[in-house]
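Me: Please take a close look at one part of this structure. Pick a single residue, show me its surroundings, and keep the sentences short.

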Amino acid sequence: AMATVHDFPKFVSFDIGNYSDDPAHIHTQLFGVGKNVFTGVSEYPGLFEIVGNGLLFLNEIGDLPLKLEGKLLEVIETRTFYRMGTSKPIRFKGKLV
């Protein structure tokens, strides 16, 4: 059978440089948000979760705010992360570039 686009892992790109002056936005985009963290905002997954078994490309990673470097390193070392406002670890199954 011929392969379709759905047979391949996802590729997701996020340009950190576009948001280097907004660490909170970068954090919510990468890690997601748990239930009841913000008024009027339901929970949503971040890119670490959305990418699944695919590839997450962090463009302009040199612009990552210093306070997020430790959190990114934790994802790389432990393959787990937490949505903002939660204490339940989520497994990062993808690859990071």
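Reply: Start with a cut-off: a residue counts as buried when its relative accessible area is under 20%, and as exposed when that area is over 50%. The model is predicted. Now take Val75. Its relative accessible area is 1%, so Val75 is buried.

Where does Val75 lie? Val75 belongs to helix 3, which covers residues 66-78. This helix has 13 residues. From first C-alpha to last, helix 3 reaches 19 Å, close to the expected 18 Å.

Val75 has buried company in helix 3. The buried residues there are Leu68, Leu72 and Val75. Down the helix axis, they fall within an arc of 50°, so they line one face of helix 3. A general rule helps here. An α-helix has 3.6 residues a turn, so residues three or four places apart point the same way. On the other side of helix 3, Leu66, Lys67 and Glu77 are exposed.

What does the buried face meet? The buried residues of helix 3 pack against helix 1 (23-31), helix 2, strand 4 (55-59), strand 5 and strand 7. Just after helix 3 comes Arg79, with a positive phi of about 60°.

Back to Val75. Set aside its neighbours within four places in sequence. Val75 is then in contact with Phe31, Phe48, Thr80, Phe81 and Phe92. Phe31, Phe48, Phe81 and Phe92 form one aromatic cluster.

Look at the rings in this cluster. A pair of aromatic rings is described by the distance of the centres and the angle of the planes. The whole structure holds 5 aromatic pairs. One of them joins Phe48 and Phe81: the centres are 5.6 Å apart, with 45° between the planes, and the pair is tilted. Phe48 sits in helix 2 (residues 47-50) and Phe81 in strand 5 (residues 80-81), so this pair ties together parts 33 residues apart in sequence. Phe48 and Phe81 are both buried.

Phe48 also pairs with Phe92. This pair is edge-to-face, 5.4 Å centre to centre, with 75° between the planes. Phe92 lies in the loop between strand 6 (90-91) and strand 7 (95-96), so Phe48 in helix 2 and Phe92 are 44 residues apart, and the pair links distant parts of the chain. How buried are these two rings? Phe48 has a relative accessible area of 1%. Phe92 is also buried, at 1% relative accessibility.

One last distance concerns Val75 and Ile90. They are 15 residues apart in sequence, and their C-alpha atoms are 9.9 Å apart in space.

Terms used. Residues numbered from 1 in each chain as written. Predicted model: local features only at pLDDT ≥ 70, side-chain atom pairs only at ≥ 80, totals over all residues. Heavy atoms only, no water. Helix = DSSP H or I, 4+ residues; strand = E, 2+ residues; numbered from the N terminus. Buried < 20%, exposed > 50% of the residue type's maximum accessible area, 1.4 Å probe, protein only. Contact = heavy atoms within 4.5 Å. Phe/Tyr/Trp six-rings, centres within 6.5 Å; stacked < 30°, edge-to-face > 60°. Expected span 1.5 Å × (residues − 1). Arc of directions from axis to C-beta.
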